[in-house]
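The following paragraphs lead through a single structure, moving from its surface to its interior and then to its charged pairs. Please keep the sequence and the model in view while reading.

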Amino acid sequence: MTIVPLIFTSGLASGINAYAVVLLLGLLGRFGGADSVPPALERTDVLAAAAVLFLLEAVADKIPYVDSLWDAVHTVVRPIAGATVGALLASADPGSLGEVAAGAMGGTTALVSHLVKASLRMAVNTSPEPASNIAVSLAEDLAVAGLVTLAIFHPWLAASLAAVLLAAGLLLVWFAINRIRAFRARRRERKAARAAGRAAPAAGVPAARP
């Protein structure tokens, strides 16, 4: 069942950057001797398309607000990619896991990690400078490359790291949501206080005599 951690890890990575996952798996299978990579991902046309789309994402993902628009468009693309990669990995290892179950695992993991990524990037976009977006995007690219490569040679270790990263991401999203709610509550209180302050002097002014 060594294909299971590979499917889980590739699914999580697909939710962050699906094109990088397809490109890395294809290159590792074609030139790195990775037997677990299905031939469909090693095709020249698949590698070329993945490389072009990866370069497009590498640029868009580092521009504030453009990255969130890109994430919105890929809400459907990344889970589908995670499910497809999972099913292909299972088909290359008959008897380990059914293709439907593998697709469900890869797609669900990709969807969850995508939602975490998109939520955190929206929070990063509140920063007035673009350096944060570039740093976070580079960190995501390196994490995807490291996890996918590690998953080929040490699948269970990679899956463990992927699970930790996913849990940490969910915790950060929960923390960010609570901070946003607290900020909005304080802002409503300040607005109410200012409105009450303006109303108090007006209430104390005697009406003008006719």
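On the surface of this predicted model, Val52, Leu53 and Leu56 form a nonpolar patch whose accessible area comes to about 240 Å² together. Leucine 56 belongs to helix α2, which covers residues 44-60. Why does leucine 56 count as partly exposed? Its relative accessible area is 46%, and the partly exposed class lies between the limits of 20% and 50%.

From the surface one may turn to the interior. The largest nonpolar core holds 33 residues, and Leu25, Val144, Val148 and Ile152 are the ones that touch the most other members. Each of six helices supplies at least two residues of this core: α1 (3-31), α2, α3 (66-91), α4 (99-124), α5 (131-153) and α6 (155-204). Helix α1 gives the most, with 13 residues. The surroundings of isoleucine 152 can be listed in detail: when residues up to four places away in sequence are not counted, isoleucine 152 touches Leu6, Leu25, Leu28, Ala34, Ser36 and Val37. Leu25 thus appears both among the core members with the most contacts and among the residues that isoleucine 152 touches.

How far the model may be relied upon is expressed by its confidence values. The protein averages a pLDDT of 86, and 90% of the residues score at least 70. Where is confidence lowest, and where is it highest? The lowest mean, 79, is found in α6, whereas α2 has the highest, at 95.

The charged side chains come next. In general, side chains of opposite charge can pair when their charged atoms come close. In this model the count comes to nine salt bridges, and three of them are described here, beginning with arginine 43 and aspartate 45. Their closest N and O atoms are 2.5 Å apart. Both partners are partly exposed: arginine 43 has a relative accessibility of 45%, and aspartate 45 has one of 44%.

A second salt bridge joins arginine 78 to glutamate 57, with 3.0 Å between the closest N and O atoms. Arginine 78 lies in helix α3 and glutamate 57 in helix α2, so this pair ties together parts that are 21 residues apart in sequence. Are these two partners buried or exposed? Arginine 78 is buried, with a relative accessible area of 0%, and glutamate 57 also counts as buried, at 1%.

The third pair is formed by glutamate 140 and lysine 117, whose side chains meet in a salt bridge at 2.7 Å, N to O. Because glutamate 140 lies in helix α5 and lysine 117 in helix α4, the pair ties together parts that are 23 residues apart in sequence. Glutamate 140 counts as buried at 13% relative accessibility, and lysine 117 is buried with a relative accessible area of 4%. The pair is also part of a network: salt bridges that share partners join Asp61, Asp67, Lys117, Arg121 and Glu140. What else is lysine 117 in contact with? With its neighbours within four places in sequence left aside, lysine 117 is in contact with Gly15, Ile16, Asp61, Asp71, Arg78 and Glu140. This list includes Arg78, the partner of glutamate 57 in the second salt bridge.

Attention may now pass to a loop. Tyrosine 65 lies between α2 and α3 and is exposed, with a relative accessible area of 56%. Its phi is near 70°, a positive value in a residue other than glycine. Most residues other than glycine have a negative phi.

Two pairs of positions, finally, set separation in sequence beside distance in space. Leucine 69, in helix α3, is exposed at a relative accessible area of 57%. Leucine 69 and aspartate 93 are 24 residues apart in sequence, and their C-alpha atoms are 37 Å apart. Alanine 145, in helix α5, is partly exposed, with a relative accessible area of 27%. From alanine 145 to serine 160 the separation is 15 residues in sequence and 16 Å in space, C-alpha to C-alpha.

Definitions and conventions:
Residues are numbered from 1 along each chain as its sequence is written. This is a predicted model: local features need pLDDT of at least 70, side-chain atom pairs count only at pLDDT 80 or more; totals for chains, interfaces and linings use all residues. Side-chain values use heavy atoms; hydrogens and water are left out. Patches are made of residues with over 30% relative accessible area and no salt bridge: like charges are joined within 9 Å, nonpolar side chains (Val, Leu, Ile, Met, Phe, Trp, Tyr) within 5 Å. Accessible areas come from the Shrake-Rupley method with a 1.4 Å probe; for residues, only the protein chains shown count as cover. A salt bridge is a side-chain nitrogen of Lys or Arg within 4 Å of a carboxyl oxygen of Asp or Glu. Helices (H or I, at least four residues) and strands (E, at least two) are DSSP runs, numbered from the N terminus. Buried means under 20% relative accessible area, exposed over 50%, partly exposed in between (1.4 Å probe, protein chains only). A nonpolar core is a set of buried Ala, Val, Leu, Ile, Met, Phe, Trp, Tyr and Cys residues joined through side-chain atoms within 4.5 Å. Contact means heavy atoms within 4.5 Å. pLDDT is the predictor's confidence in each residue, from 0 to 100.
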